[in-house]
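Please open the model in your viewer and keep the selection panel at hand. We will go from stop to stop, with something to pick at each one.

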Amino acid sequence: MDTYQEPAKELSTRDFDVVVAGGGTAGVVTALASARRGAETALIEAKGYTGGLVVEGGTALHSFYNLWKAFPGVKKRQVVKGIPQEIIDRLKEEGGTSGHAEMDVGYDYDSVCTAIDTEIYKLVTLEMLKEAGVHLFLNTFLCGALSEENSVQGAVVESRSGRELFRAHTFIDTTGYGDLAAYAGADYEEPNDHPVANSMGVANVNLEEYHKFLEKHNALREYAEGFRSGEEGKIVRLHANMDQLPEAFRTKAREIGMAAVTTSVHDDYFMFIKLNYKMPVSPTDRDEVTKAELKLRRQQKQAIELIREYIPGCKKAFVARSSPSLCIRRGRVINCDYDIPLDDVLEGRHFEDEIMVYGFHDLAPRLQIKDGGTYGIPYRALRVQGFSNLLAAGMNITSDFDAHMSTRNTVCCMGQGQAAGTAAALCARKNLGIRELSFDKLKKALIEDGVYFSDY
Ligand SMILES: Cc1cc2nc3c(=O)[nH]c(=O)nc-3n(C[C@H](O)[C@H](O)[C@H](O)COP(=O)(O)OP(=O)(O)OC[C@H]3O[C@@H](n4cnc5c(N)ncnc54)[C@H](O)[C@@H]3O)c2cc1C
């Protein structure tokens, strides 16, 4: 391969207390927590909006609650509160959520369905970041890091305003891909153990007709009613037991990696239908990603044809929106001081240094947290190994596939974000390394800011 020696450049620099790389699911909450604790906080986001996979990939936010409905006698508990719940409250004011709609069918998977309007989510989170005084850098790509010995000195960013260096006391990687940690020289793995996806919003459809179709085939796997188009008591989630659906539909759907689960907060709209594709290599490979982008868009076209043909009320369905680029379920997994094993999750273990509790597993009912309870995420699990000032939150922690199938979910990522942002701000204020921070002080701050810990 030919190479080119790029000339050295002088970069303009900016100084912050905390730099958060990635304004997605975890990053938004991270930056809010950090700025509200008084830290001058920069949030770097490659796209022109915030929210990440919450607004691009998922169907519902799993989960603010424990799995109480699957365990007779177990109490209903909202186990994630704080900033994540505040976002839902703001969405509610704007008519942008189904609310925490109780699952009537499929409550052995999740007790509630919390669906959101993705466009309102973008606006609400941008407004909240502005109100908190976060220095927001949209359309700005993190493309390198400056590190010395065991600390990150700066994040190199690129935008149409040029290439710059953002320096800070503490850094947090919420890129999902683990870009900042990788650029800084941290250890990571790339397991490539999930399909990538492009989730499409489908309009001109009818949830009631889809429901009837599923009932007719005895294929209703999940069902919840909540707020939709301003009315309460409307269907907001449906999931099919694919094995029960007509063979021709089922075979084609499997061929094109189409999932049969959808949610909605609007009439005549499925948000989303997921199309999956298993890449031969990790989604950090640009050339293979390019091929996958085209493949997924072809699959979307085939999916629309399938929906039009088989699902009543959907004859004029069309793709109303798609993800701007494919969604990953994980890219790099960063090595942290603690790697959450599956046993911790299933046994519902709790820790002296836990920063949140969580009660959902994406492989339920096969894998559930013991007795409908919760497990704790230890602060150690967010500290990037070998670095004194680098934290990570979101899908880029937890290497075990089955444990990750819990920790990677949106509401868990958001909770981790609140803890990481709070810890970083406290470290910056007292000029401490991430391992020097008193856990009691961190926990006290998290409790003050509405994080739920007790009653597990
Ligand atoms: C198809 C799909 C469906 C899913 N369904 C659900 C579901 O129904 N419910 C659920 O709870 N979970 C679901 N998940 C899982 C969940 O959505 C994700 O694991 C979680 O949202 C990840 O959050 P995150 O903050 O780690 O990453 P993200 O939300 O992806 O945020 C990362 C952000 O960093 C930005 N970024 C990345 N690299 C750079 C860079 N170099 N420079 C600047 N910015 C950068 C990205 O643009 C993005 O905004 C789904 C995931 C996928 C892929």
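Which strands form a hairpin with two residues between them? Select β8 and β9: these two make up that hairpin. Before moving on, note that this is a predicted model, in which local features need pLDDT of at least 70, side-chain atom pairs count only at pLDDT 80 or more, and totals for chains, interfaces and linings use all residues. Residues are numbered from 1 along each chain as its sequence is written, and side-chain values use heavy atoms, with hydrogens and water left out.

**Stop one: the strands around β8**

Strands here are DSSP runs of E with at least two residues, while helices are runs of H or I with at least four, both numbered from the N terminus. Colour residues 151-159, which are strand β8. Seven of the nine residues in β8 are buried; buried means under 20% relative accessible area, exposed means over 50%, and partly exposed lies in between (1.4 Å probe, protein chains only).

Now add strand β9, residues 162-167, which runs antiparallel to β8 and is joined to it by six bridges. Two strands count as paired if DSSP finds at least two bridges between them. Zoom in on V157 to find E164 of β9 opposite.

On the other side of the sequence, select β7, residues 141-148, which pairs with β8 in the antiparallel sense over seven bridges. S147 has V152 in β8 as its bridge partner. β7 and β8 also form a hairpin with two residues between them, and E149 in that turn has a positive phi of about 45°.

**Stop two: β12 and β16**

Next, pick residues 196-203 for strand β12, an antiparallel partner of β16 over eight bridges. Strand β16 covers residues 269-277, and seven of its nine residues are buried. Click on M200 and look across to I273 in β16.

**Stop three: salt bridges**

How many salt bridges does a search of the whole structure find? The total is 29, where a salt bridge is a side-chain nitrogen of Lys or Arg within 4 Å of a carboxyl oxygen of Asp or Glu. Three are worth a click.

- Show K47 and E56, whose closest N and O atoms are 3.2 Å apart. K47 is partly exposed at 26% relative accessible area, whereas E56 is buried at 4%.
- Show R349 and D344, which meet at 2.8 Å, N to O. R349 is partly exposed, with 35% relative accessible area, and D344 is buried, with 2%.
- Show E448 and K444, with closest N and O atoms 3.2 Å apart. They lie four residues apart in helix α11 (residues 439-448), so about one helical turn separates them. K444 is exposed at 54% relative accessibility. Add R37 and D449 to the selection: salt bridges with shared partners join R37, K444, E448 and D449 into one network.

**Stop four: helix α2 and a loop**

Select residues 82-93 for helix α2, where D89 is found. D89 is partly exposed, with a relative accessible area of 37%.

Finally, go to D400, in the loop between β21 (390-392) and α9 (401-407). D400 counts as partly exposed at 33% relative accessibility. Draw a C-alpha to C-alpha distance from D400 to F171: the two are 229 residues apart in sequence and 25 Å apart in space.
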